[in-house]
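Walk through this model with the viewer open. The path goes from charged side chains to cysteines and then to the sheet.

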Amino acid sequence: MEYTHVVHSIPPLYNEESRILILGSLPSPKSREAGFFYAHPHNRFWKVLARIYERPDFQDVEEKKQFLLQNGIALWDSIYECDIRGASDASIRNVVPTDLGKIIACGKICRIFANGKASGRVFDKYQAKALGREAVTLPSTSPANAAWSLEALVGAWRIVKECAESEAYLLEACPL
């Protein structure tokens with residue numbers, strides 16, 4: 001399979017009340033086609049969020065956006081452009097990172113979570129020092145991460161809800 005040069009085409013989702021930032025690596029071809037994050041039917045991101053927030057599965061993009069913003073969660077990716085084969089994070093090269101400064105400056109982001117190792121590596125390499133922030137790398141919700149069951153992902157990802165709902169946790173991360 002040939003490399004394709006991909007430029008990020010989905011805008012970040014955040015507002016001034018965002019406290020948590022979840023970063024993927026780069027939208028998959030299905031997500032780019034749909035114009036929203038985690039659109040591949042086998043990606044478990046939305047199922048994981050539904051389970052940790054004990055709610056029914058999401059029905060559409062507007063419901064997903066509303067849920068994220070109501071729960072103080074911002075969503076974007078660590079890579080703005082790169083060369084990639086299909087949707088394989090392992091093939092990523094020639095990375096240009098996203099500019100996260102606008103999200104950090106606008107919102108009240110106290111914790112950053114990377115969805116998978118590729119996103120975590122890019123954040124650590126290009127963005128952590130510039131932002132003066134660290135990211136917690138969670139196991140990828142990608143279907144390529146077959147070693148993790150849905151139940152195991154839900155267990156690992158519970159920290160997102162705990163962080164979003166805990167004033168003490170957020171104050172520890174972002175003292176005033």
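Glu-17 is partly exposed, at 39% relative accessible area. That value lies between the 20% and 50% limits, so neither the buried nor the exposed class applies. Keep in mind that the model is predicted.

Which residue does Glu-17 pair with? The partner is Lys-108, and the two form a salt bridge whose closest N and O atoms are 3.4 Å apart. This pair ties together distant parts of the chain, with the two positions 91 residues apart in numbering. Glu-17 sits in the loop between β1 (4-7) and β2. Lys-108 sits in the loop between α4 (101-106) and β6. Lys-108 is also partly exposed, at 47% relative accessibility.

How many salt bridges does the structure hold? The count is 5. One of them stays inside a helix: Lys-65 and Glu-62 both belong to α3 (residues 61-70). They are 3 residues apart, about one turn of the helix. Their closest N and O atoms are 3.7 Å apart, a distance that passes because the cut-off is 4 Å. Lys-65 is partly exposed at 27%. Glu-62 reaches 52% and therefore counts as exposed, the limit being 50%.

Elsewhere, salt bridges that share partners join Lys-47, Arg-51 and Asp-57 into one network. Within this network, Arg-51 and Asp-57 bring their closest N and O atoms to 2.8 Å. Arg-51 is partly exposed, with 35% relative accessibility. Asp-57 is partly exposed as well, at 31%.

Now turn to the cysteines. The structure holds 0 disulfides. Cys-163 takes part in none, and the nearest cysteine sulfur, that of Cys-110, is 7.4 Å away. A disulfide needs the two sulfur atoms within 2.5 Å, so this pair does not qualify. Is Cys-163 buried or exposed? Cys-163 is buried, with a relative accessible area of 1%. Cys-82 is buried too, at 0% relative accessibility.

Next comes the sheet. Strands of a sheet pair through backbone hydrogen bonds, either parallel or antiparallel. Here, an open sheet of 4 strands runs in the order β3-β2-β6-β7, and the pairing is parallel. Which strands stand at the edges? They are β3 (73-77) and β7 (135-138). Each has a single partner strand, so one side of each lacks a neighbour in the sheet. On average, neighbouring strands of this sheet are turned by 25 degrees against each other, direction ignored.

Look closer at the β7 edge. Strand β6 (residues 111-115) pairs with β7 in the parallel sense, over 4 bridges. For one contact to locate by eye, take Asn-115: its bridge partner in β7 is Leu-138.

How does the chain get from β6 to β7? The chain crosses through α5, and this β-α-β crossover is right-handed. Helix α5 covers residues 117-131. Which strands does α5 lie across? They are β2 (20-24), β6 and β7. The helix runs at about 130 degrees to β6.

Finally, put the pieces together. Strand β6 pairs with β7 and leads into the crossover through α5. The loop between α4 and β6 carries Lys-108, the salt-bridge partner of Glu-17. The loop between β1 and β2 carries Glu-17.

Key
Residues numbered from 1 in each chain as written. Predicted model: local features only at pLDDT ≥ 70, side-chain atom pairs only at ≥ 80, totals over all residues. Heavy atoms only, no water. Pairing = 2+ DSSP bridges. Axes fitted to C-alpha atoms, helices over the stretch in contact; angles between N-to-C directions. Contact = heavy atoms within 4.5 Å. Salt bridge = Lys/Arg side-chain N within 4 Å of Asp/Glu carboxyl O. Buried < 20%, exposed > 50% of the residue type's maximum accessible area, 1.4 Å probe, protein only. Right-handed = clockwise from strand over helix to strand, strands pointing away.
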